[in-house]
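Here are my notes on the model you sent over, as numbered points. Have the structure open while you read.

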Amino acid sequence: MKVLVVALFSIALLASAADFEYNSGGAMGTVPTTGGSSSGWGEWFVVSILNDSGQDILLMELGFPCCGPPTGADGWLVWTDVGGLNPPAGEASTADYSGTFTPLDPAPDTFPPITYTYIDVSAEGIVIANGAYFCIGYDVTGNGGQVDFNGVDTWSWYGGVWDSDQGWGRTDILEVSANYDTALERNTWGSIKATF
């Protein structure tokens, strides 16, 4: 009975909308209309985001429309406070949190890449303070999804610097969802994961 209750509670939590959702394309799940390769556009794509939710948030999931082989250690990236709507001060290895992932679309040359790879980061305990500008990003091992510039500045690591995509008429597509950072949220997810 305990496992059934926990399983049903898990499904209910997963089915509910997150408290904080952001996609650089505007709507969650924005479908890319173009893309950029790791060799021709940038090795990593990043976007900075303001936590304007009114509360501290706990990051739950990152999503990137991309394709290619598995990443290295700096596959997904999170900086918890970059001080503004600007790129991080350092390269990918300076991220506060990072990890590997395997793109759902393994083809190295899908163009544009429209299949999102979602990465569960809930166990990392990444808390973003209310009012902080945080940055998320990922390693482009094949192609990364983009749209024509939509007013959101993103950056790509190219030639040893974070190069603004705005200057090239593009916005990289990156997505994040989070819940308010509460004791219930942390204890609930921790309990569920420990049960399975």
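Is Glu 91 buried, partly exposed or exposed? It comes up again in point 1.

1. Keep in mind that this is a predicted model. Glu 91 turns out to be partly exposed, its relative accessible area being 44%. You'll find Glu 91 in the loop between β5 and β6. Leaving out residues up to four places away in sequence, Glu 91 touches Trp 79, Trp 157 and Trp 162. With Trp 157 the separation is 66 residues in sequence, yet the two C-alpha atoms are 7.8 Å apart in space.

2. Now the overall picture. I get 2 helices and 14 strands for the secondary structure. The protein has 196 residues, and 45% of them count as buried. About 8,900 Å² is exposed, with carbon and sulfur atoms supplying 56% of that area. On contact order: take contacts between residues at least 6 apart in sequence, and 83% of them join residues at least 24 apart.

3. Next, the nonpolar interior. The largest nonpolar core contains 26 residues, and Leu 59, Phe 64, Trp 76, Phe 134, Ile 136 and Val 176 are the ones with the most contacts inside it. At least two residues of this core come from each of β1 (20–23), β3, β4 (57–67), β5, β9 and β14 (175–180). The biggest contributor to this core is β4, with 5 residues. For a look at one member, try Val 176: beyond residues up to four places away in sequence, Val 176 touches Phe 20, Glu 21, Tyr 22, Met 28, Ile 49, Leu 59, Glu 61, Leu 62, Phe 134 and Ile 136. Apart from the largest core lies another, of 11 residues, including Trp 44, Trp 79, Trp 155 and Trp 157.

4. On to the aromatics. The count is 7 aromatic pairs. In one of them, Phe 45 and Tyr 138 have ring centres 5.6 Å apart and planes at 70 degrees, so I'd call the pair edge-to-face, the cut-off being over 60 degrees. Phe 45 belongs to strand β3 (residues 44–50) and Tyr 138 to strand β9 (residues 133–139), so this pair links distant parts of the chain, 93 residues apart. Both ends are covered: Phe 45 is buried at 0% relative accessible area, and Tyr 138 is buried at 0% as well. The second pair to check is Trp 79 with Trp 162, where the ring centres are 6.3 Å apart and the planes at 90 degrees, which makes the pair edge-to-face. Trp 79 sits in strand β5 (residues 76–79) and Trp 162 in strand β12 (residues 161–164), so the pair ties together parts 83 residues apart in sequence. Trp 79 is buried, with 6% relative accessibility, and so is Trp 162, with 12%. Finally, ring pairs join Phe 45, Phe 64, Phe 101 and Tyr 138 into a cluster.

5. What about cysteines? There are 0 disulfides in the structure. Cys 66 is in none, and the nearest cysteine sulfur, which belongs to Cys 67, is 7.1 Å away; the cut-off for a disulfide is 2.5 Å. Cys 66 is buried at 1% relative accessible area, and Cys 135 is buried too, at 0%.

6. Please have a look at one peptide bond. Most peptide bonds are trans. The one joining Phe 111 and Pro 112 is cis, with omega about -10 degrees. Pro 112 is in the loop between β6 (97–99) and β7. A residue in contact with both ends of this bond is Thr 34: setting aside its neighbours within four places in sequence, Thr 34 contacts Phe 111, Pro 112, Pro 113, Gly 144, Gly 145, Gln 146, Val 147 and Arg 170. Thr 34 is in strand β2 (residues 34–37) and counts as buried, with a relative accessible area of 12%.

7. Last one, a loop serine. Ser 122 is in the loop between β7 (116–120) and β8 (127–128). Is Ser 122 buried or exposed? Ser 122 is buried, because its relative accessible area is 10% and the cut-off is under 20%. The side chain of Ser 122 makes a polar contact of 2.6 Å with the side chain of Asp 120.

Note on methods. Residues are numbered from 1 along each chain as its sequence is written. This is a predicted model: local features need pLDDT of at least 70, side-chain atom pairs count only at pLDDT 80 or more; totals for chains, interfaces and linings use all residues. Side-chain values use heavy atoms; hydrogens and water are left out. Helices (H or I, at least four residues) and strands (E, at least two) are DSSP runs, numbered from the N terminus. Buried means under 20% relative accessible area, exposed over 50%, partly exposed in between (1.4 Å probe, protein chains only). A polar contact is a pair of N or O atoms within 3.5 Å; within protein, one must be able to donate a hydrogen and the other to accept it, and residues adjacent in sequence count only if both atoms are side-chain atoms. Rings of Phe, Tyr and Trp (its six-membered ring) pair if their centres lie within 6.5 Å; planes under 30 degrees apart count as stacked, over 60 as edge-to-face and the rest as tilted. Contact means heavy atoms within 4.5 Å. Accessible areas come from the Shrake-Rupley method with a 1.4 Å probe; for residues, only the protein chains shown count as cover. A nonpolar core is a set of buried Ala, Val, Leu, Ile, Met, Phe, Trp, Tyr and Cys residues joined through side-chain atoms within 4.5 Å.
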